[in-house]
Amino acid sequence: MGIPFQLQSQQGMHQAKALLAENKIMIKKESSPSEPVGGEKPVKNASTPKPNMATAAKVNAMVGNRTWFGGLFNGSGKRRQVSADKNFEMTPLQEQRMQKLKDRLNIPFDETRPDHLKSLKALWKISFPETELTSLVSEQWKDMGWQGPNPATDFRGCGVVSLENLLFFGRRYPASFQKLLLKTQGLRATWEYPFATAGVNVSHMLIQLLELNSARPKTLPGINFVKMLSEHEEAFDILYCIAFEMMDAQWLAMRASYMQFNDVLEATKAQLERELSLEDLQRIQDLPAYNLLLK
């Protein structure tokens, strides 16, 4: 299953590395420049000029030693990472909930299914409650950050679960959802990441990190997620919301622009992997970054 929206570039990587060095943030190794798949256009933020690096260095970034590793969230600075339990076996409840989640991953978005179209309309309503959607195929969708006038084409890489994730985010944490959709917090780049297609990529990243396409998890993040799932059936959807918030925080901390999206996503994955490897994780609320969510 390929990622439908990938962005790779060397642009700004040396500056980003210098900025993040003090916080020891892991970023992806430099890659060759390429155009995003599907020809997606970045979202231009004309109202906010891109700050120079001198200004950016003064920003109290929501990433690194001063937050997750500094212990400001749930004392995470005093918690240690542990190794995976090679003898881990799922309980019947965990197996049942994992299978239910995996079944969701195998459902493609189907434009002929009324329930899928209803969910798509609901996503628009949650995103822009004061604006009427003229048609399910409309240029209006680009305002949300889809690649073209028909969002169905963007769901092909991840299926209907990516739509469900976005819809859950908008319903459960509307304040966080609107903040990221409208880019209302922080010093934003001139060319911003497209919200909706970024959300599809967050879904795909989580599926990989949690090993949801494997028979059983073998790494600690996957094992700890199973434990969370037994405590909260909506753990995957809530973790998606957390990961999206973390991605936006990384974006701001790295002073990133459109062509650096892949590097931001890799840094987000690395940080989420560290959090999911902390000791004593049982509930989704035990994750330090859970506190980023706003209702």
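Is Phe 244 buried or exposed, and what is its relative accessibility? Keep that in mind as we work through this predicted model in four short exercises.

**Exercise 1. Classify Phe 244 and its partner Tyr 240 by burial.**

Step 1. Recall the cut-off: a residue is buried under 20% relative accessible area.
Step 2. Phe 244 has a relative accessibility of 0%, so Phe 244 counts as buried.
Step 3. Tyr 240 has a relative accessible area of 0%, and is therefore buried too.

**Exercise 2. Work out the geometry of two ring pairs, and place them in a cluster.**

Step 1. Start from the total: the structure holds 13 aromatic pairs.
Step 2. Take Phe 169 and Phe 177. Their ring centres are 5.6 Å apart and their planes meet at 85°. Planes over 60 degrees apart count as edge-to-face, so this is the label for the Phe 169 and Phe 177 pair. Both Phe 169 and Phe 177 are buried.
Step 3. Now turn to Tyr 240 and Phe 244. This aromatic pair is edge-to-face as well, with 5.9 Å from centre to centre and 85° between the planes.
Step 4. Look at where the second pair sits. Tyr 240 and Phe 244 both belong to helix α9 (residues 235-253), and they are four residues apart, about one turn of the helix.
Step 5. Put the pieces together: ring pairs join Phe 169, Phe 177, Phe 195, Tyr 240 and Phe 244 into a cluster.

**Exercise 3. Check the length of helix α10 (residues 261-275), then find how enclosed it is.**

Step 1. The helix has 15 residues, and at 1.5 Å a residue it should span 21 Å.
Step 2. Compare this with the model: the end C-alpha atoms of α10 are 21 Å apart, which agrees.
Step 3. Next, burial. Of the 15 residues in α10, 12 are buried, so the helix is largely enclosed by the rest of the structure.
Step 4. To inspect them yourself, pick from the buried residues of α10, including Phe 261, Val 264, Leu 265, Leu 272 and Arg 274.

**Exercise 4. Describe the whole chain with a few descriptors.**

Step 1. Secondary structure: the protein chain has 10 helices and two strands. Along the sequence, the pattern reads α-β-α-α-α-α-α-β-α-α-α-α.
Step 2. Burial: 53% of the 295 residues in the protein chain are buried.
Step 3. Contacts: among those with a separation of 6 or more, 75% come from residues 24 or more positions apart.
Step 4. Surface: the protein chain exposes about 13600 Å², and carbon and sulfur atoms supply 51% of that area.

Definitions and conventions
Residues numbered from 1 in each chain as written. Predicted model: local features only at pLDDT ≥ 70, side-chain atom pairs only at ≥ 80, totals over all residues. Heavy atoms only, no water. Phe/Tyr/Trp six-rings, centres within 6.5 Å; stacked < 30°, edge-to-face > 60°. Buried < 20%, exposed > 50% of the residue type's maximum accessible area, 1.4 Å probe, protein only. Expected span 1.5 Å × (residues − 1). Contact = heavy atoms within 4.5 Å. Areas by Shrake-Rupley, 256 points an atom, 1.4 Å probe, with all protein chains shown as cover.
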